[in-house]
Amino acid sequence: MGVVTYNYDSTSPVAPARLFKAFVLEADKVWPIAAPHAIKSIEVEANPGPGSIVKINFVEGLPFQYMKHQIGGHDENKFSYSYSLIEGGPLGNKLEKINYENKFEAAVGGGSVCKSSMKFYTFGDYVITEDEIKALIKGSEGVYKAIEAYLLANPDACN
């Protein structure tokens, strides 16, 4: 098994507290409304705390039917959260899991910066390339941008 770490930052005009709420605390409600082109539903398979499993079901026509995240934890004061992708989605037979650590920080001049650190755990001697990682990020950006657009269009959401 190999491990590859990749760090990625993305900016948003939305404040960190609202993004945190939309992506962590209210994801099961917000995502299907904000990104109906991709997200069919989100199911929390236990209490939404560390160790819990969250299943994200995708609409028909996408490359994946679902993926499961195991919640690592979150800090509402620091707008940070962690989870592991443990089943479905892009894992296939090459990736065992992907660990994510994310933090929303205030950006200079307003809005926020989402700082992400991803660890890709591969099977055998497989080595994931930077191009493959960038393709995975590009795929998830569609949902991220849809949620961002939803928050901008609905200023009372996730306050």
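The questions below concern two helices and two cysteines in a predicted model.

Student: Why are helix 1 and helix 3 called oblique to each other?

Tutor: The axes of helix 1 (residues 16-25) and helix 3 (residues 130-153) cross at roughly 125°. Angles of 65 to 115 degrees count as roughly perpendicular and those over 145 as roughly antiparallel. The crossing angle of roughly 125° fits neither class, so the pair is oblique.

Student: How within reach are the axes of helix 1 and helix 3, and what is the hand of the crossing?

Tutor: The axes come within 11 Å, and the crossing is right-handed.

Student: Which residues of helix 1 and helix 3 meet?

Tutor: Helix 1 brings Arg18, Leu19, Ala22 and Phe23, and helix 3 brings Tyr144, Ile147 and Leu151. By class, this contact has six nonpolar residues, no polar ones and one charged. Arg counts as charged, so the charged residue is Arg18.

Student: How many disulfides does the structure have?

Tutor: A search of the whole structure finds zero.

Student: How do you know that Cys114 and Cys158 are not bonded?

Tutor: A disulfide needs two cysteine sulfur atoms within 2.5 Å. The cysteine sulfur nearest to that of Cys114 belongs to Cys158 and is 15 Å away. That is too far for a bond, so Cys114 and Cys158 are not joined by a disulfide.

Student: What makes Cys114 and Cys158 count as buried or exposed?

Tutor: Buried means under 20% relative accessible area. Cys114 has 5%, so Cys114 is buried. Cys158 has 7%, and therefore Cys158 counts as buried too.

Notes
Residues are numbered from 1 along each chain as its sequence is written. This is a predicted model: local features need pLDDT of at least 70, side-chain atom pairs count only at pLDDT 80 or more; totals for chains, interfaces and linings use all residues. Side-chain values use heavy atoms; hydrogens and water are left out. Axes are lines fitted to C-alpha atoms, for helices over the stretch in contact, and angles run from 0 to 180 degrees between N-to-C directions. Helices (H or I, at least four residues) and strands (E, at least two) are DSSP runs, numbered from the N terminus. Angles under 35 degrees count as roughly parallel, over 145 as roughly antiparallel, 65 to 115 as roughly perpendicular and the rest as oblique. A crossing is left-handed if the near helix is turned anticlockwise from the far one by less than a right angle, and right-handed if clockwise. Contact means heavy atoms within 4.5 Å. Buried means under 20% relative accessible area, exposed over 50%, partly exposed in between (1.4 Å probe, protein chains only).
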